[in-house]
Amino acid sequence: MPCLQVSACTSHTKCMGVEIDTRRVALAKVLEEKFNAFCDEGGIPRGPSDVYEGDILAVDFIPNVKEATIIYMNNYDGR
């Protein structure tokens, strides 16, 4: 997940990952846990990152979008 890689390289950047597909959200959260454990074990500093499920264009996401420095989205269309 690119969001996590950027998080590790930029300690002052808040990275936000948004997935509309439930399976991808679950995978992203597992990857985030493993990535954080790897960084902790190796003493690698990283900035904050969050993974959200939903549609980034929904009104509910406006506060998160305003807070993020970098936002990653994919073009998943369900096919």
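Guide: A strand, in the sense used here, is a DSSP run of type E with at least two residues, and a helix is a DSSP run of type H or I with at least four, each kind being numbered from the N terminus. The model discussed below is a predicted one.

Visitor: In which strand is the place of Glu53?

Guide: The chain contains three helices and three strands, and one of these strands, S2, spans residues 49-53. Glu53 has its place in strand S2.

Visitor: Which pattern does the chain follow when it is read along the sequence?

Guide: The elements of the chain are three helices and three strands. Among the helices are H1, at residues 2-9, and H2, at residues 22-42, while strand S3 is formed by residues 70-72. Read along the sequence, the chain follows α-β-α-β-α-β.

Visitor: In which sense do S1 and strand S2 pair, and over how many bridges?

Guide: Strand S1 covers residues 15-19, and within its pairing with S2 Met16 stands opposite Asp50, whereas Glu19 has Glu53 as its bridge partner. Strands S1 and S2 pair in the parallel sense, and the number of bridges is five.

Visitor: What handedness does the β-α-β unit of S1, helix H2 and S2 have?

Guide: Three elements make up the unit, namely S1, helix H2 and S2. Of the elements in the chain, H2 has the highest mean pLDDT, at 87. The β-α-β unit that these elements make is right-handed.

Visitor: Are the residues on the two faces of S1 buried or exposed?

Guide: In a regular strand the side chains alternate between the two faces of the sheet. In S1, Cys15, Gly17 and Glu19 lie on one side, with Met16 and Val18 on the other. Five of the five residues of the strand fall in one class, and on both faces that class is buried.

Visitor: Is Glu53 buried, partly exposed or exposed?

Guide: Glu53 and Glu19 are 34 residues apart in sequence, yet their C-alpha atoms are 5.0 Å apart in space. With neighbours within four places in sequence left aside, Glu53 is in contact with Glu19, Thr22, Val25 and Phe61. Since a residue counts as buried under 20% and as exposed over 50%, a relative accessible area of 42% makes Glu53 partly exposed.

Visitor: Which residues do the salt bridges that share partners join into one network?

Guide: The structure holds three salt bridges, one of which brings together the side chains of Arg46 and Asp40 at 2.8 Å, N to O. The side chain of Asp21 meets Arg23 at 3.4 Å and Arg24 at 3.9 Å. Of the residues on these bridges, Asp40 counts as exposed at 52% relative accessibility, and Arg46 is partly exposed at 26%. Salt bridges that share partners form one network of Asp21, Arg23 and Arg24.

Visitor: At 11% relative accessibility, does Asp21 count as buried or exposed?

Guide: Among its salt-bridge partners, Arg23 counts as exposed at 59% relative accessibility, while Arg24 is partly exposed at 37%. Because the limit for burial is under 20%, the 11% of Asp21 makes this residue buried.

Visitor: What distance separates the C-alpha atoms of Ile70 and Thr13?

Guide: Ile70 is found in strand S3, where a relative accessibility of 26% makes this residue partly exposed. Ile70 and Thr13 are 57 residues apart along the chain, and their C-alpha atoms are separated by 7.3 Å.

Visitor: What share of the residues of the chain count as buried?

Guide: The chain exposes about 5,400 Å², of which carbon and sulfur atoms supply 56%. Among contacts with a separation of 6 or more, residues 24 or more positions apart account for 73%. Of the 79 residues, the share that count as buried is 32%.

Visitor: Which element of the chain has the lowest mean pLDDT?

Guide: The mean pLDDT of the chain is 78, and 73% of its residues reach 70 or more. The lowest mean among the elements is 64, and the element with this value is helix H1.

Terms used: Residues are numbered from 1 along each chain as its sequence is written. This is a predicted model: local features need pLDDT of at least 70, side-chain atom pairs count only at pLDDT 80 or more; totals for chains, interfaces and linings use all residues. Side-chain values use heavy atoms; hydrogens and water are left out. Buried means under 20% relative accessible area, exposed over 50%, partly exposed in between (1.4 Å probe, protein chains only). Two strands pair if DSSP finds at least two bridges between them. A crossover is right-handed if, with the strands pointing away from the viewer, the path from the first strand over the helix to the second runs clockwise. Contact means heavy atoms within 4.5 Å. Accessible areas come from the Shrake-Rupley method with a 1.4 Å probe; for residues, only the protein chains shown count as cover. pLDDT is the predictor's confidence in each residue, from 0 to 100. A salt bridge is a side-chain nitrogen of Lys or Arg within 4 Å of a carboxyl oxygen of Asp or Glu.
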